[in-house]
Amino acid sequence: MTPRVLSGIQPTSDSFHVGNHLGALQNWVAMQKTHECVYFIADMHAITVEQDPAQLRQRTLLSYAQLLALGIDPNKSTLIVQSQVPEHAQLMWVMSTITGLGEANRMTQFKDKSAKGGAATASVGLLTYPILQAADILLYQANAVPVGEDQRQHLELTRDLAIRFNGRFGDTFTVPEAHIVKGTAKIQDLQDPTAKMSKSSPSGCINLLDPLKTTEKKIKSAVTDSDSVVAFDPVKKAGVSNLLTIMSAYTDTSIDDLVKNFSGRMYGDLKKETAAAVLSFVEPFQAKVESFMSDPGEIETLMRTSAVRAREIASKTLADVYDKLGFVRP
């Protein structure tokens with residue numbers, strides 16, 4: 001039986017960035033060959049912080065178009081918008097009733113985000129975000145979930161809730177495992193290469209839909225160091241190592257070979273060729289996104305078709321849960 005994997009991404013920016021692509025999304029594409037994949041645009045997660053409705057709607061369409069352009073095949077994968085499958089919210093409510101308040105309060109992302117904005121402004125939705133995330137996973141009986149370090153705690157909560165429900169009501173949920181992809185590129189900020197690339201750092205983030213000239217300028221302005229030797233050392237030469245990592249991913253060339261190729265050459269050459277490598281990917285990607293976005297109706301049709309397919313799985317899980325809870329069948 002082909003293992004099922006699930007993952008989602010929030011539509012909270014006007015473009016995915018290189019860190020999203022190399023750190024996660026290219027693996028989404030690859031996993032289509034080895035797994036039954038359920039991928040989703042996490043618009044329900046996005047509203048844990050205030051969103052402009054028109055902007056959220058547009059970004060959701062744009063996120064879907066970008067995933068299609070990157071190679072997510074809706075004929076191979078189930079690619080949905082979270083809010084179009086109501087079972088996500090329904091199962092989340094059930095799981096919240098078996099989650100301890102202390103468990104929810106211990107989630108580090110809630111503590112970090114509420115600390116930044118102030119506890120008084122933090123919503124209940126932000127607190128219960130990991131429970132919705134657990135419902136996302138358990139609803140589809142996912143065997144595996146691709147996770148980074150910042151999501152490990154949430155997956156552990158998901159596993160705990162699955163085991164707890166199964167213990168109380170009988171075998172219901174598949175207990176998911178973390179799917180660690182070997183060789184995943186860790187992409188750092190261009191201006192602060194000790195930090196992870198993030199949309200919160202506009203000058204250090206390479207957005208896939210930025211104008212080509214903007215991307216080229218950002219890469220050529222990347223922080224390196226006072227040395228002039230191109231070498232891979234993430235601690236002592238973080239900026240140079242980051243550029244080598246990006247170039248390696250987009251040229252399918254090993255870092256060792258790149259270091260040999262740049263022997264005796266200056267950082268300017270490294271930046272110029274890294275920019276060229278990124279642009280060679282970005283330019284056709286942008287053309288594909290533009291093509292998909294020229295027909296939003298077709299994107300919405302794909303969304304609806306995938307939602308129907310997703311609900312075939314989700315409704316069976318929810319019906320089983322409701323039955324075991326003792327709810328009267330409709």
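The exercises below, each with a worked solution, concern a predicted model.

**Exercise 1. Decide how the rings of Phe-281 and Phe-285 are arranged, and describe where the two residues lie.**

Solution. A search of the whole structure finds six aromatic pairs. For Phe-281 and Phe-285, the ring centres are 5.9 Å apart and the planes meet at 15°. Rings pair if their centres lie within 6.5 Å, and planes under 30 degrees apart count as stacked, so the pair formed by Phe-281 and Phe-285 is stacked. The next step is to place the residues along the chain: both lie in helix α12, which covers residues 267–293, and they are four residues apart, about one turn of the helix. The last step is to look at their surroundings, where Phe-281 is partly exposed with a relative accessible area of 24%, whereas Phe-285 is buried with a relative accessible area of 2%. Elsewhere, Phe-165, Phe-169 and Phe-173 form one aromatic cluster.

**Exercise 2. Describe His-21: which element holds it, is it buried or exposed, and which residues does it touch?**

Solution. Begin with the position, which is in helix α1, residues 18–31. Then take the relative accessibility of His-21, which is 7%; since buried means under 20%, His-21 counts as buried. Leaving aside neighbours within four places in sequence, His-21 is in contact with Gln-26, Leu-70, Leu-208, Tyr-250 and Phe-281. Two of these names deserve a further step. With Tyr-250, the side chain of His-21 makes a side-chain to side-chain polar contact of 2.8 Å, while Phe-281 is a member of the stacked pair from the first exercise.

**Exercise 3. Compare Lys-199 and Asn-207 by their location, their accessibility and their contacts.**

Solution. Lys-199 is found in the loop between β5 (177–179) and α9 (212–220), and Asn-207 is likewise found in the loop between β5 and α9. Their accessibility is considered next: Lys-199 has 45% and counts as partly exposed, but Asn-207, with a relative accessible area of 17%, is buried. For the contacts, residues up to four places away in sequence are not counted, and Lys-199 then touches Thr-12, Ser-13, His-17 and Cys-205. Applying the within-four-places exclusion to Asn-207 leaves contacts with Ser-15, Phe-16, His-17, Thr-215 and Lys-218. His-17 therefore appears in the contacts of Lys-199 and in those of Asn-207. The side chains of Lys-199 and Thr-12 are, in addition, joined by a polar contact of 2.6 Å. Finally, consider a separation in sequence beside one in space: Lys-199 and Asn-20 are 179 residues apart in sequence, and from C-alpha to C-alpha they are 10.0 Å apart.

**Exercise 4. Describe the second largest pocket by its volume, its lining and the helices that supply that lining.**

Solution. The second largest pocket holds about 210 Å³ of space. Its lining includes Asp-43, Pro-53, Leu-56, Arg-57, Glu-300 and Met-303. Sorting the lining by class gives five nonpolar, three polar and four charged residues. Turning to the helices, α3 (53–70) and α13 (296–325) each supply at least two residues of this lining, and α3 gives the most, with five residues.

**Exercise 5. Why can helix α4 be called largely enclosed by the rest of the structure?**

Solution. The helix covers residues 87–96, and seven of its ten residues are buried, so α4 is largely enclosed by the rest of the structure. Those buried residues are Glu-87, His-88, Leu-91, Met-92, Val-94, Met-95 and Ser-96. The remaining step is to ask what lies against them, and here the buried residues of α4 pack against α2 (43–46), β3 (78–81), α7, α8 (152–169) and α13. Helix α13 also takes part in lining the second largest pocket.

**Exercise 6. Describe the phi angles of Gln-141 and Asp-252, then the setting of each residue.**

Solution. Gln-141 has a positive phi of about 55° although it is not a glycine, and Asp-252, again a residue other than glycine, has a positive phi near 55°. Gln-141 is found in the loop between α7 (124–139) and β4 (144–146), while Asp-252 lies in the loop between α10 (238–251) and α11 (255–261). Their accessibility completes the solution: Gln-141 is buried, with a relative accessible area of 19%, whereas Asp-252 is exposed, with a relative accessible area of 74%.

Note on methods:
Residues numbered from 1 in each chain as written. Predicted model: local features only at pLDDT ≥ 70, side-chain atom pairs only at ≥ 80, totals over all residues. Heavy atoms only, no water. Phe/Tyr/Trp six-rings, centres within 6.5 Å; stacked < 30°, edge-to-face > 60°. Buried < 20%, exposed > 50% of the residue type's maximum accessible area, 1.4 Å probe, protein only. 1 Å grid on protein atoms, 1.4 Å probe; cavity = no way out; pocket = protein on both sides within 12 Å on 5 of 7 lines; lining within 4 Å. Points joined across faces, edges and corners; volume = space filled by probe spheres on them. Nonpolar A, V, L, I, M, F, W, Y, C, P; charged D, E, K, R; others polar. Contact = heavy atoms within 4.5 Å. Polar contact = N/O pair within 3.5 Å; in protein donor to acceptor, adjacent residues only side chain to side chain.
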